[in-house]
Amino acid sequence: MTVAALLLAAGQSRRFGAQDKLLAKLDGVSLVAHAARALSGAGPDLRLAVVSSAPVADVLRQEGFATLMLPSGPQSASIRAGIAELQHQGASRVVIALGDMALLLASDIRALLALPPDQPASAWLKDAPCPPAVFPARWFPRLMALTGDRGAAALLRGADAASRLMIPAPRLRDVDTPEALAELQRGAGAGA
């Protein structure tokens with residue numbers, strides 16, 4: 001089984017302001033590098049990031065990720081492009097994470113990958129699926145059919161309890177605004 005990591009890092013960062021949020025620092029490390037390290041630490045065979053920025057691509061290549069450059073756009077476009085590339089490379093299972101989820105741990109990704117490999121699985125927050133999520137190859141056509149900026153949550157809503165991973169809510173935070181980053185920098189949610 002060839003397990004791949006797909007890091008989605010091609011968003012528009014509209015709510016963050018002029019700075020690219022993925023390059024903003026938390027504990028001296030860019031948000032996107034934190035997310036990449038959580039994925040890498042789980043030991044996937046393949047690592048791919050879909051990016052829209054050359055500086056973000058540079059950071060991720062230094063973290064051992066191949067990069068696929070796309071214009072900034074809806075999350076579904078990044079998923080489709082990443083899944084197509086990883087399918088071409090022979091991935092039999094793909095774990096998908098967001099580039100602005102800087103508090104995830106490698107152990108969270110390993111726990112997700114330990115769930116039944118023949119079914120999709122994801123983290124759950126407030127009774128709803130959320131990233132990170134993992135999909136077996138037989139679900140790739142469904143991922144390739146996604147549209148809009150909603151990601152894969154709709155595909156996961158009917159998942160049974162065995163496919164739901166409870167990760168502490170603070171580790172599932174994504175950073176969308178400078179205020180959210182400032183809160184993390186003050187230690188709110190860190191280490192939870």
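I began by fixing a term: a residue is called buried when its relative accessible area is under 20%. I also noted at the outset that this is a predicted model.

**Entry on helix α1**

With that cut-off in hand I went to helix α1, residues 31-41, and found that eight of its eleven residues are buried, so the helix is largely enclosed by the rest of the structure. I wrote down the buried residues of α1 as Leu31, Val32, Ala33, His34, Ala35, Ala36, Ala38 and Leu39. Just after α1 I came to glycine 43, which takes a positive phi of about 80 degrees.

**Entry on the whole protein**

I then stepped back to the overall fold and noted seven helices and nine strands. For 192 residues, a compact globule would have a radius of gyration near 16 Å, and I noted that the 15 Å of this protein agrees with that. Along the principal axes, I recorded a span of about 40 × 30 × 30 Å for the C-alpha trace. Buried residues make up 49% of the 192 residues, and when I took the contacts between residues at least 6 apart in sequence, I found that 68% of them join residues at least 24 apart.

For the surface I noted an accessible area of about 8,600 Å², of which 53% belongs to carbon and sulfur atoms. I also looked up the charged side chains, which are 19 positive and 16 negative, with the centres of the two sets lying 3 Å apart.

**Entry on two strand residues**

Next I chose valine 50, which lies in strand β4, residues 46-51, and which is buried with a relative accessible area of 0%. Leaving aside its neighbours within four places in sequence, I listed the contacts of valine 50, among them Leu6, Leu7, Leu8, Ala9 and Ala10, and also Leu68 and Leu70. I looked up serine 72 as well, 22 residues away along the chain, and found its C-alpha atom separated from that of valine 50 by 9.8 Å.

I then turned to lysine 25, which is found in strand β2, residues 25-26, and which counts as partly exposed at 47% relative accessibility. With neighbours within four places again left aside, lysine 25 is in contact with Ser30, Leu181 and Gln185. Between the C-alpha atoms of lysine 25 and alanine 84, which are 59 residues apart along the chain, I noted a separation of 31 Å.

**Entry on the loop before β8 and on β8**

In the loop between β7, residues 121-125, and β8 I found lysine 126, which has a positive phi of about 55 degrees although it is not a glycine. Aspartate 127 is in the loop between β7 and β8 too, and I noted for it a positive phi of about 60 degrees, although aspartate 127 is not a glycine either. I checked exposure for both, and lysine 126 counts as exposed at 78% relative accessibility, while aspartate 127 is exposed at 76%.

Following the chain into strand β8, residues 128-136, I came to proline 132, which is joined to proline 131 by a cis peptide bond with omega at about 0 degrees.

**Entry on the aromatic rings**

Last, I looked for paired aromatic rings and the count came to one pair. The pair consists of phenylalanine 135 and tryptophan 139, whose ring centres are 6.4 Å apart and whose planes stand at 40 degrees, so I entered the pair as tilted. Phenylalanine 135 is buried, with a relative accessible area of 0%, and tryptophan 139 is buried as well, with 10%.

Conventions: Residues numbered from 1 in each chain as written. Predicted model: local features only at pLDDT ≥ 70, side-chain atom pairs only at ≥ 80, totals over all residues. Heavy atoms only, no water. Helix = DSSP H or I, 4+ residues; strand = E, 2+ residues; numbered from the N terminus. Rg over C-alpha atoms; globule rule 2.2 N^0.38 Å. Buried < 20%, exposed > 50% of the residue type's maximum accessible area, 1.4 Å probe, protein only. Contact = heavy atoms within 4.5 Å. Areas by Shrake-Rupley, 256 points an atom, 1.4 Å probe, with all protein chains shown as cover. Lys, Arg positive; Asp, Glu negative; His and termini not counted. Charge placed at Lys NZ, Arg CZ, Asp CG, Glu CD. Phe/Tyr/Trp six-rings, centres within 6.5 Å; stacked < 30°, edge-to-face > 60°.
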